[in-house]
Amino acid sequence: MPTTVGRRADRLAPVQRMTRGIDRRNVVRGAIVAAVAYAAWLAIGEFGRPYNFFDMKIYHGAVVWWASGHELYEFIAPGTTLGFTYPPFAGLMMLPMAQLPIVAAGIINALASIAALALVLAGLLRPIVDRLGWPLWFTVALAVPLALAIEPSRETLGYGQVNLLLFALIMADLIGLRWRSRRGTHYAATDGPLLRFVYGGAWAGAGIGLATAVKLTPALFIAYLLITRQWRVAATAIGTAVGVTIGTFVIVGDESRTYFGSVLWQTERVGAADMTPNQSLAGLLARLYDSIETPGLLWLAFSVLILAVGLSRAASSRADGDELTAFTLIGLTANVISPISWTHHLVWVIPAIIVLADAAVRRREASRGLAQRTGQGATSGGLSGLTGLRPPIWYPTLTGFRHGVAAIGLYLLFLISPIWPYEHQLPEVSHYQDGLFGALMENSLALALIVLVAALPWRPGAEPAFYGERLARAVVVNGRR
């Protein structure tokens, strides 16, 4: 009998050693990630729309047409009035997919977009999880399916759009700005010119330039760089955009002349302004006026106002050391003032949710520290002791509550996307067919964007891309809280 027990113990020893090396917490985390991913998949099926790579079919058909010797901008997708609307540089970048089936091109685009989103989230969440002591892999593994489930991401993947790739290009410059601000410390000692170039952030601005060459709306980030006097980064962005555009003109001059001479100004090529998925200010005004066209002067006046608010708030955010919120405000502002902002363009709500959630955590942490110090002061006869007052027990709990509610509410709004049950199309159906509530729901995403531009909070000293006198004061004040 002892011999049998000993043999069984010998057989189980390798298994015991293996399980001993597995952290049970990681097993639990893996199970949580799997559950969240499954829930995100169910949410996409519940709140999303039927997806069949509709936009990818247009891009694929256009480049196949172009590769066969026809003019790029003469292509019209069968059964539609839609053609290729991106600059010719985008056409050149998409040209290789003419050799692939449509489904394969859509799947490759989806996988590349998911990978780009994961890298972006890792970069955005790294400072937060380092501060909180959370595992980065676990946080990113949760964040990716949650981000993919909301309207802009699922529409981008389902329609074969490029918004997450452009988002990643712009956010790469944010990471470059962070690295550039740290040069002269540990990055200066990095061996090798290539590593010094990469980790020194000298390339910051190239991502914005490339995104601008693919789609013109990222040019607002160049205006932001100029306003905040980030001259070198702005020069890199402008040089990249201009250089790529000139290079494209040399390669495909006819298409470049056609695009900048006529196609760029034909806004009707992408659809009517009042279409429900157009959640820009122009779409909002057109629907409120129950008109196919946007009231031009009113749109211009409000656009200038929102542009001024967005740029000024972004500049203040950067000056207080929160470059992420500054970039987010510029992206949201571009969504609002663009004549057409389809729901798959609205990827800037992803960092907005992160900013709101982190603001809630930061305020809660600060209030706990204040409560502890105030309590100690009362015990030692400090100011609180003189007044005989102690902070109420609920004070640390409720601090940051509104920011947390805002983050959850914003996420749920873009998860459920209540615009689709109230979708209407003129002239067949009025946008007021379902009354005031229906009109509010049909415009809910646009209204949320405008509120975010006006009220998204920034976090002093959170993620600076420079260190100046004003930022130093902000960090000290924040630390005293």
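**Exercise 1.** Is D290 buried, partly exposed or exposed?

*Solution.* The model is a predicted one. First, locate the residue: D290 lies in the loop between α14 (281-288) and α15 (296-319). Next, take its relative accessible area, which is 29%. Buried means under 20% and exposed means over 50%, with partly exposed in between. D290 is therefore partly exposed. Its backbone also deserves a remark: phi of D290 is near 50°, a positive value in a residue other than glycine.

**Exercise 2.** Characterise S417 and P427 in the loop between α20 and α21.

*Solution.* Begin with S417, which is found in this loop. S417 is not a glycine, yet its phi is positive, at about 50°. Its relative accessibility is 1%, so S417 counts as buried. Then turn to P427, which is also placed in the loop between α20 and α21 (435-442). The peptide bond leading from L426 to P427 is cis, with omega near 0°.

**Exercise 3.** Describe the lining of the second largest pocket.

*Solution.* Start with the volume, about 670 Å³. The lining comprises 23 residues, and L125, L146, I353, I354 and A357 lie nearest the centre. Now assign helices: α5 (102-132), α6 (136-149), α17 (349-379) and α20 (401-416) each supply at least two lining residues. The most comes from α17, with 7 residues. Finally, sort by class: 20 are nonpolar, 2 polar and 1 charged.

**Exercise 4.** Which helix gives the most to the nonpolar surface patch?

*Solution.* The patch, of about 700 Å², consists of L226, W231, I238, V242, I246, V250 and I251. Helix α12 (residues 231-251) gives the most, with 6 residues. One residue of this helix is I251, which counts as exposed because its relative accessibility is 60%.

Definitions and conventions: Residues are numbered from 1 along each chain as its sequence is written. This is a predicted model: local features need pLDDT of at least 70, side-chain atom pairs count only at pLDDT 80 or more; totals for chains, interfaces and linings use all residues. Side-chain values use heavy atoms; hydrogens and water are left out. On a 1 Å grid over the protein atoms alone, a cavity is a set of points where a 1.4 Å probe fits but cannot get out, and a pocket is an open set with protein on both sides within 12 Å along at least five of seven lines; lining residues have an atom within 4 Å of a point. Grid points are joined across faces, edges and corners, and a volume is the space filled by probe spheres set on the points. Helices (H or I, at least four residues) and strands (E, at least two) are DSSP runs, numbered from the N terminus. Ala, Val, Leu, Ile, Met, Phe, Trp, Tyr, Cys and Pro count as nonpolar, Asp, Glu, Lys and Arg as charged, and the others, Gly among them, as polar. Patches are made of residues with over 30% relative accessible area and no salt bridge: like charges are joined within 9 Å, nonpolar side chains (Val, Leu, Ile, Met, Phe, Trp, Tyr) within 5 Å. Accessible areas come from the Shrake-Rupley method with a 1.4 Å probe; for residues, only the protein chains shown count as cover. A salt bridge is a side-chain nitrogen of Lys or Arg within 4 Å of a carboxyl oxygen of Asp or Glu. Buried means under 20% relative accessible area, exposed over 50%, partly exposed in between (1.4 Å probe, protein chains only).
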